[in-house]
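The following explanation leads the reader through selected features of the structure shown below.

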Amino acid sequence: MLPSRYTAITSSVKAGGFGVVTPVKDEYLDRVVIYKVAKNNNDNDQLMNEIRLLSKARSHHIVEIYDVIENSKSEVEGLVIEYLTGKSYENFHEPEEFELEEYKKILYQLATALSDLHAISIIHRDLKLENFKQSSTGIVKLFDFGLSVDDSDYRTTNNRATLVYAAPELFVTGAKIESPLDIYAFGVCAWTLAVPYKSLPRVLFEHPPQKTNRVQSIQSIIPHLDPVLVKLIDSCLESDPSKRPTADHLKQTFYKYLIKNKHVGTIVQDASNVYFLSHSKPLATIKINNLGTLEVQYDGLEFKVVSVSGNVYINNIIAQVGQHLHDACVLTFGAPTNGWNRVFFTFYCSRPEVIL
């Protein structure tokens, strides 16, 4: 029975794979939360597993656990978690909803959630379209940790998973639960966000998936996606788990392309000698007579040297064509033998945030 602190909102009850969730009012904090219980006693182990792992997980993109409810015998009866009131993504593939920039932001947030989980050895194991949703502030959050694992030696006996999202290596007896399973499911999520479930490549429905053929590239349905992101998503669906990227690599790469063309680079000697580089003005040439010339170009992702002559140094290392500038560094014109005649510039790159 719920403590008096909570008032049931009985008009809305939803049953999932093993649990039943009900919105309830937290009278103390004046907010609606979710009360989750197991459907039957046989699922109590999954409920306890979810409580333990949600208590361990710390991420901006993981649903928050607020309370654990016990009965009169001090036995755990349910848990109280954050109520995600934002949009879900079952219909994101529809033309009126699909927006490429938003698509990349969703995948970036999922990758961040997985990166945070994998950093503390938690494998979600049931990543799918139905298990993430927006919060009231528009942040994508992952939930449903009933099947999750944090034991590096764990091997499944029942092979419980959601078909289509299940990686090929799960279709064997005693499959080991490891992080590449989540990465494969991430790749399938990239597809299910873009096309209706019934329109997914048929090879994803095979047992094991892609038994007869390799799934086609995501570019076949999203032709304007950055080629690097196309290759990255495609690699998530590699049949060989060792060829899939890590969650952290997914996170870093999506971040990089979400802020593409949004940097501003500043090269300055004094208030009267300043160069700005941006998407609208990507090239700067600095020429110091008798000392050296440096040409820097912004390609939308990095600031790099495209031409150099004379004696030019970046953080006291001789500048070379193709070299990337650090976010903050010193550009020096003139050899050390020039002494006080050397000219120094500082370079600073603004690192924009992803606005969610």
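In this predicted model, an open sheet is built from 6 strands, arranged in the order β10-β9-β17-β16-β14-β15 with antiparallel pairing. Strands β10 (273-277) and β15 (317-318) occupy the edges; each has a single partner strand, and therefore one side of each is left without a neighbour in the sheet. In general, the strands of a sheet pair through backbone hydrogen bonds, in either a parallel or an antiparallel manner.

One pairing within this sheet may be followed in detail. Strand β14 (residues 312-314) and strand β16 (residues 328-333) run antiparallel and are joined by 3 bridges. Among the residues concerned is V312, whose bridge partner in β16 is F333.

The sheet order also gives a context for a feature of the surface. V264, V274 and F276 together form a nonpolar surface patch, with a combined accessible area of about 240 Å². Of these residues, V264 is located in the loop between α5 (247-258) and β9 (265-270). The relative accessible area of V264 is 37%, and V264 is therefore classed as partly exposed, since that class lies between the limits of 20% and 50%.

A contrasting environment is found at E50, a residue of helix α1 (residues 44-56). Is E50 buried or exposed? Its relative accessibility is 1%, so E50 counts as buried, the cut-off for that class being under 20%. The side chain of E50 reaches the backbone nitrogen of F145 at a distance of 3.2 Å, and this separation falls within the 3.5 Å limit applied to polar contacts.

Conventions. Residues numbered from 1 in each chain as written. Predicted model: local features only at pLDDT ≥ 70, side-chain atom pairs only at ≥ 80, totals over all residues. Heavy atoms only, no water. Pairing = 2+ DSSP bridges. Helix = DSSP H or I, 4+ residues; strand = E, 2+ residues; numbered from the N terminus. Buried < 20%, exposed > 50% of the residue type's maximum accessible area, 1.4 Å probe, protein only. Polar contact = N/O pair within 3.5 Å; in protein donor to acceptor, adjacent residues only side chain to side chain. Patch = residues over 30% accessible without salt bridge, like charges linked within 9 Å, V, L, I, M, F, W, Y side chains within 5 Å. Areas by Shrake-Rupley, 256 points an atom, 1.4 Å probe, with all protein chains shown as cover. Salt bridge = Lys/Arg side-chain N within 4 Å of Asp/Glu carboxyl O.
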